[in-house]
Amino acid sequence: GFTLAPMTEADLSQVMRIEVRSFPDPWAPVAYAMELRHNHDASYWVARDASGAVRGYVGWWEAPDAATIAQVAVDPALRRQGVGKLLVEHACSRAAAHGKPAMRLCVRAANATARAFYVTLGFAEAGMAQGYYTNPADDGVLMTKPLSASAAPADEEPGPSSPAKGA
C-alpha cells in the first residue's frame, strides 16, 4: 500500500528523480520549492511506499471556479499499479472538500495513454490549447471533471501519516 502526505522540501530530491524520468520538459527543483513556500492556492502531495520512499506526486491549484492539476507523476517502475489513480482521486476529493465545482488539467495531445487514463477517472475532453507544449511541440488537450461535495472525504483532513486507500 501507499501513504499520502503533503509534499515538503525534504521530498524534492526524490520528486525530481521521478520528474526528470516523466517529462521531456521537467520543472526545476526551485519551481517546486517556490510553490511549496509561496503559492497558498496550491497543494502538493506525495505517495510513499512502505519504506517511506516517494513513488509519485500530485500538485494542484485552487481558484474560485475550479481546481487545476498542475503536475502529476509516478515512478516509471510503479506505473499501472494504482498510484496515479490514488493521487488524482485524492486531489479531486480535497478540491471537492474545498467547494471547488470542477477539476481541470491539460495533457499532451500525443499522450493517448494519459488521456485514456484521465477518462477512466471521470475527466472529459473540453477543448484544445494550440501549441501549449514545447520540447517537443504539441497541443494541449484540456480536460475537466465535475466535482461535488458528496465526492469529498467524509472525515476531516487526514494527518500526514494516514494510510491511503487503494494501491
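In this predicted model, the largest pocket holds about 1,100 Å³ of space. A total of 36 residues line the largest pocket, and those closest to its centre are Phe23, Val72, Asn111, Ala114 and Tyr118. Several secondary-structure elements contribute two or more residues to this lining, namely the strands β4 (67-74), β5 (102-108) and β6 (124-133) and the helices α3 (83-97) and α4 (112-120). The largest share comes from β4, which supplies seven residues. When the lining of the largest pocket is divided by class, 21 residues are nonpolar, nine are polar and six are charged.

The packing of two helices was examined next. Helix α1 spans residues 12-22 and helix α2 spans residues 29-38; their axes come within 10 Å of each other and cross at roughly 130°. Because angles over 145 degrees count as roughly antiparallel and those from 65 to 115 degrees as roughly perpendicular, this crossing makes α1 oblique to α2. The crossing of α1 past α2 is right-handed. On the side of α1, the contact is formed by Leu12, Val15, Met16 and Glu19, whereas α2 contributes Pro29, Tyr32, Ala33 and Leu36. Of the residues in this contact between α1 and α2, seven are nonpolar and one is charged, while none is polar.

Two features of the backbone were also noted, each situated in a loop. The peptide bond that joins asparagine 135 to proline 136 is cis, with an omega of about -5°. Proline 136 belongs to the loop between β6 and β7, the latter strand covering residues 138-146. The strand β6, which precedes this loop, is also among the elements that give two or more residues to the lining of the largest pocket. The second feature concerns arginine 80, a residue other than glycine whose phi is nevertheless positive, at a value near 65°. Arginine 80 is located in the loop between β4 and α3, and both of these elements give two or more residues to the lining of the largest pocket.

Note on methods:
Residues are numbered from 1 along each chain as its sequence is written. This is a predicted model: local features need pLDDT of at least 70, side-chain atom pairs count only at pLDDT 80 or more; totals for chains, interfaces and linings use all residues. Side-chain values use heavy atoms; hydrogens and water are left out. Axes are lines fitted to C-alpha atoms, for helices over the stretch in contact, and angles run from 0 to 180 degrees between N-to-C directions. Helices (H or I, at least four residues) and strands (E, at least two) are DSSP runs, numbered from the N terminus. Angles under 35 degrees count as roughly parallel, over 145 as roughly antiparallel, 65 to 115 as roughly perpendicular and the rest as oblique. A crossing is left-handed if the near helix is turned anticlockwise from the far one by less than a right angle, and right-handed if clockwise. Contact means heavy atoms within 4.5 Å. Ala, Val, Leu, Ile, Met, Phe, Trp, Tyr, Cys and Pro count as nonpolar, Asp, Glu, Lys and Arg as charged, and the others, Gly among them, as polar. On a 1 Å grid over the protein atoms alone, a cavity is a set of points where a 1.4 Å probe fits but cannot get out, and a pocket is an open set with protein on both sides within 12 Å along at least five of seven lines; lining residues have an atom within 4 Å of a point. Grid points are joined across faces, edges and corners, and a volume is the space filled by probe spheres set on the points.
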